[in-house]
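Let's go through this one together, asking at each step what earns a label its place. Have a look at the model first.

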Amino acid sequence: MNERRGTVPEPRHFRDVLGQFPTGVAVVTALDPDGAPVGMAVGSFSSVSLDPPLVAFMPARTSSTYPVIADAPHFCVSILGADQEEVCRAMATRGADKFSEIDWFPAPSGAPIIADSLAWIDCTPAWTHEAGDHLIVLGTVDQLAELRPGPPLVFFRGGYGGFATASLMAAPERDIVEPIRLAGRARSLMEDLAKELDLECLAVGAVGEQSVCLAIADSPSADYIPSRVGYRTPFVFPVGSVFVAWDPARTALWLPADAARAAGGEAALRRVRDRRWSVATGDDHYDDLERAVGQLLIQGQDDDGSLGGVMNALRGEQFDPPLEPHTTYDVRMLMAPVFGPHGVELGIAVRGFRNHLDGAEIEAIGARLIAAADEVSRKIGGDATVAALTPSTEH
Ligand SMILES: Cc1cc2nc3c(=O)[nH]c(=O)nc-3n(C[C@H](O)[C@H](O)[C@H](O)COP(=O)(O)O)c2cc1C
């Protein structure tokens, strides 16, 4: 359809047209003067500014709950998950005892956080502006946190739904436009792989001396903290071997100065080239790394240098170790290289393993990853076979 004639905004039409724009659903809460919780469901919640941290929502002038929120010293925003439609309905019912069946706990300010929501944002009201039959309310963010992974509740064309796309693609920041284009070629294969193996599948690119998570296909029954598109990790030994193993210049920078550790690193890179995949196995520090990266994403900065500290503590021997077929391992991630005309352009990785795997099972998943990565290599004009045989520096 190419309808070029519009009509003037008559209420029903206005709602229908604007209903084409999907929103998440949040609940704005506060305590009334007696200390009882009040709340309202809003689709108009939005992030506004990072510096200073500001958010906004738009209450209707007719709302009976908003005046109570306006009088409170703080309000809290809880972001609802796809399984919280009932909470949304309760919070959208005028005049009801909205919290009679809703669990909550206090945010640092005391304002209620809806239990089991995806995330909460604790705010101090900053500014209010009249806007027709609504108000625009700006709040300063005091504290915020994520509570659990999961798809959000989505409101679209007057109905509730979930977030249905099988994979997420990073937003095109300037330095990753080209890697994102390449990752786009891998997307349907990644979705197939995530379904087939019931694992999270990632496309990871190299930008300068960092790896960047470009695209994610969720496993159908994800129960891990999901990876983030856009998340960057520096290539610091022992992380990033797939991007180092076929690149002599990077290898020289990556190997640790200590001779014994460097020899271990070279042996690990040889194994990566022979296998054509890399593997990270269990290490407490790996959990710390994921936590530090998560923190970094939430806070947007690494003030205490925790990421660098954690990366230095990662033990090399648990990255790309020799594997015994009948020994079991706590596998964190497996990654295979995608070769373009200029060497390794992407890594296709899987994570979210629920069980420990033995060496033979890891090999089988590795073989499946190679097949997928080679298919992408062919699509982007690389020759996996030739590249994989490229001799390395230390020969
Ligand atoms: C998905 C959804 C989104 C909503 N978004 C808003 C909103 O942005 N602003 C608003 O004032 N009301 C919104 N509402 C309506 C209020 O949640 C609710 O009807 C109202 O707060 C209940 O009346 P009360 O404020 O008098 O308690 C939304 C309702 C739903 C179901």
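Two strands count as paired if DSSP finds at least two bridges between them. With that in hand, and bearing in mind that this is a predicted model, here are some questions.

Q: What makes the seven strands an open sheet, and in which order do they stand?
A: The order is E3-E2-E6-E9-E10-E5-E4, with antiparallel pairing. At the edges are strand E3 (37–42) and strand E4 (46–49), each of which pairs on one side only. From one strand to the next, the twist averages 35°.

Q: How do you know that E2 and E3 are paired?
A: The cut-off is at least two bridges, and E2 and E3 are joined by six, running antiparallel. The pair is therefore accepted under that rule. One place to see the pairing is threonine 29, which stands opposite glycine 39 in E3. The hairpin of E2 and E3 has five residues between the strands, and there glycine 35 takes a positive phi near 85°.

Q: What joins E2 to strand E6?
A: Four bridges do, and the two strands run antiparallel. Strand E6 covers residues 75–79, and its valine 77 stands opposite valine 28. Set against the requirement of at least two bridges, E2 and E6 count as a pair.

Q: Why is strand E2 called mostly covered?
A: A residue is buried when its relative accessible area is under 20%. Five of the six residues of strand E2 (residues 26–31) are buried, so the description fits.

Q: How many bridges link strand E9 and strand E10?
A: There are 12, in the antiparallel sense, between strand E9 (residues 119–131) and strand E10 (residues 134–146). For an example to click on, tryptophan 120 has alanine 145 in E10 as its bridge partner.

Q: What makes E1 and strand E11 a pair?
A: The two strands share two bridges in the antiparallel sense, and at least two are required, so the pair qualifies. In E11, valine 154 is the bridge partner of glycine 24. These strands belong to an open antiparallel sheet of three, in the order E1-E11-E12. Strand E1 (23–24) and strand E12 (159–161) each have a single partner strand, so one side of each is left without a neighbour in the sheet.

Q: Why is threonine 65 called buried?
A: Its relative accessible area is 12%, and buried means under 20%, so threonine 65 meets the cut-off. Threonine 65 lies in the loop between strand E5 (54–57) and helix H2 (66–71). Leaving aside residues up to four places away in sequence, threonine 65 touches Val38, Gly39, Met40 and Lys98.

Q: Why is phenylalanine 14 called partly exposed?
A: The class lies between buried, under 20%, and exposed, over 50%. Phenylalanine 14 has 47% relative accessibility, so it falls in that class. Its place is in helix H1 (residues 11–18). Phe14 also forms a nonpolar surface patch with Val17 and Leu18, with about 280 Å² of accessible area together.

Q: What do the totals for the chain come to?
A: The secondary structure amounts to 11 helices and 21 strands. Of the 395 residues, 43% count as buried. The accessible surface is about 20300 Å², and 55% of it belongs to carbon and sulfur atoms. Among contacts with a separation of 6 or more, 67% come from residues 24 or more positions apart.

Methods. Residues numbered from 1 in each chain as written. Predicted model: local features only at pLDDT ≥ 70, side-chain atom pairs only at ≥ 80, totals over all residues. Heavy atoms only, no water. Buried < 20%, exposed > 50% of the residue type's maximum accessible area, 1.4 Å probe, protein only. Contact = heavy atoms within 4.5 Å. Areas by Shrake-Rupley, 256 points an atom, 1.4 Å probe, with all protein chains shown as cover. Patch = residues over 30% accessible without salt bridge, like charges linked within 9 Å, V, L, I, M, F, W, Y side chains within 5 Å. Salt bridge = Lys/Arg side-chain N within 4 Å of Asp/Glu carboxyl O. Axes fitted to C-alpha atoms, helices over the stretch in contact; angles between N-to-C directions.
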